[in-house]
Amino acid sequence: MQISFDGYRPGALGGVLGLHMDYYAREWGFGQAFETKVAAELAEFLARMDPERDLSLTAWRGDALTGSISMDVSGGGPDGAHLRWFVVSDTARGSGLGKQLMARAIDHADRVAAGPVWLTTFAGLAAARALYERHGFVLSAQSEDDQWQGGVREQLFTRPAPAGTHAKSPQA
């Protein structure tokens, strides 16, 4: 069955949260603190997102959610657009779906924001890091901070604005 891409669909918030918990609880032992943080921040983003500037992209195989990625341009702050909630289901991992989601999100940021992009993650996610680096992200900072409360070392990756572009104001 073909993968289709969409924005929000009823149940997407819960589905994206479920994909995160399926992976991060099993592989990293993340629990309630992580789940409530993801749920609250994703809900806040969806409630305020500007469909002309922000991106909430979901990937579906029939009625099954297989991945997601978001680009928070409006609320990314002075450091540029914020790449968030990037996750691929166990059944789609290794299929190239992550590459497709990342390419669509970066294309969106370059078209709408035309400025830098940043994301936070943690050490140990080698496949995701390789994908970030292929899209021009570099490790900018690393600390012992652990906003997810899972015993991990936090990392900040940034991607500069594409050459020849001028960053647009988040309020534009």
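This section describes the fold, the central strands and the aromatic contacts of a predicted model.

The protein chain contains four helices and seven strands. From the N terminus on, these elements follow the order β-α-α-β-β-β-α-β-α-β-β. The radius of gyration is 15 Å, close to the 16 Å given by the globule rule for 172 residues, so the chain is as compact as a globular protein of that length. Along the principal axes, the C-alpha trace spans about 40 × 40 × 30 Å. Of the 172 residues, 41% count as buried. The accessible surface comes to about 8,500 Å². Carbon and sulfur atoms contribute 52% of that surface. Contacts were also examined by sequence separation. Among contacts with a separation of 6 or more, 64% are between residues 24 or more positions apart.

Strand β3 covers residues 64–72. This strand is mostly covered, with eight of its nine residues buried. It pairs with strands on both sides of it in sequence. Strand β2 (residues 55–61) runs antiparallel to β3, and seven bridges join the two. Within this pairing, L55 stands opposite M71 of β3. The hairpin of β2 and β3 has two residues between the strands. In this hairpin, G62 takes a positive phi near 65°. Strand β4 (residues 81–88) also pairs with β3 in the antiparallel sense, here over five bridges.

Two residues of β3 illustrate its surroundings. S70 lies in this strand and is bridged to R84 in β4. The relative accessible area of S70 is 3%, below the 20% limit, so S70 counts as buried. Beyond its neighbours within four places in sequence, S70 is in contact with F45, L55, S56, H82, L83, R84 and W85. L55 and S56 belong to the range of β2, while H82, L83, R84 and W85 fall in the range of β4. T66, also in β3, has a relative accessibility of 2% and is likewise buried. With residues up to four places away in sequence not counted, T66 touches I3, L19, A59, W60, R61, V87, V88, S89, A92 and L97. Among these partners, A59, W60 and R61 are within the residue range of β2. V87 and V88 are within that of β4.

A search of the whole structure finds 11 aromatic pairs. One of them joins Y24 and F34. The two rings are tilted, at 5.2 Å centre to centre and 55° between the planes. This pair links distant parts of the chain. Y24 is in helix α1 (residues 12–28), F34 is in helix α2 (residues 32–48), and 10 residues separate them. Both partners are under the 20% limit for burial. Y24 is buried, with a relative accessible area of 12%. F34 is buried as well, at 3%. A further pair is formed by Y132 and F137. Its geometry is edge-to-face, with 6.0 Å between the centres and 65° between the planes. Y132 and F137 are both buried.

Y24 and F34 also belong to an aromatic cluster. Its members are Y23, Y24, W28, F30, F34 and F122. Two of these residues, F30 and F34, are contacted by M21. M21 lies in helix α1 and is buried, with a relative accessible area of 12%. Leaving aside neighbours within four places in sequence, M21 is in contact with R26, F30, G31, F34 and E35. F34 and E35 fall within the range of helix α2. M21 and D63 are 42 residues apart in sequence. Their C-alpha atoms are 19 Å apart in space.

Two arginines are placed over aromatic faces. R9 lies over the face of W60, at 4.2 Å from the ring centre. W60 is also one of the residues touched by T66. R104 lies over the face of F5, at 3.8 Å from the ring centre.

Technical notes
Residues numbered from 1 in each chain as written. Predicted model: local features only at pLDDT ≥ 70, side-chain atom pairs only at ≥ 80, totals over all residues. Heavy atoms only, no water. Phe/Tyr/Trp six-rings, centres within 6.5 Å; stacked < 30°, edge-to-face > 60°. Buried < 20%, exposed > 50% of the residue type's maximum accessible area, 1.4 Å probe, protein only. Lys NZ or Arg CZ within 6 Å of the ring centre and 35° of its normal. Rg over C-alpha atoms; globule rule 2.2 N^0.38 Å. Contact = heavy atoms within 4.5 Å. Areas by Shrake-Rupley, 256 points an atom, 1.4 Å probe, with all protein chains shown as cover. Pairing = 2+ DSSP bridges.
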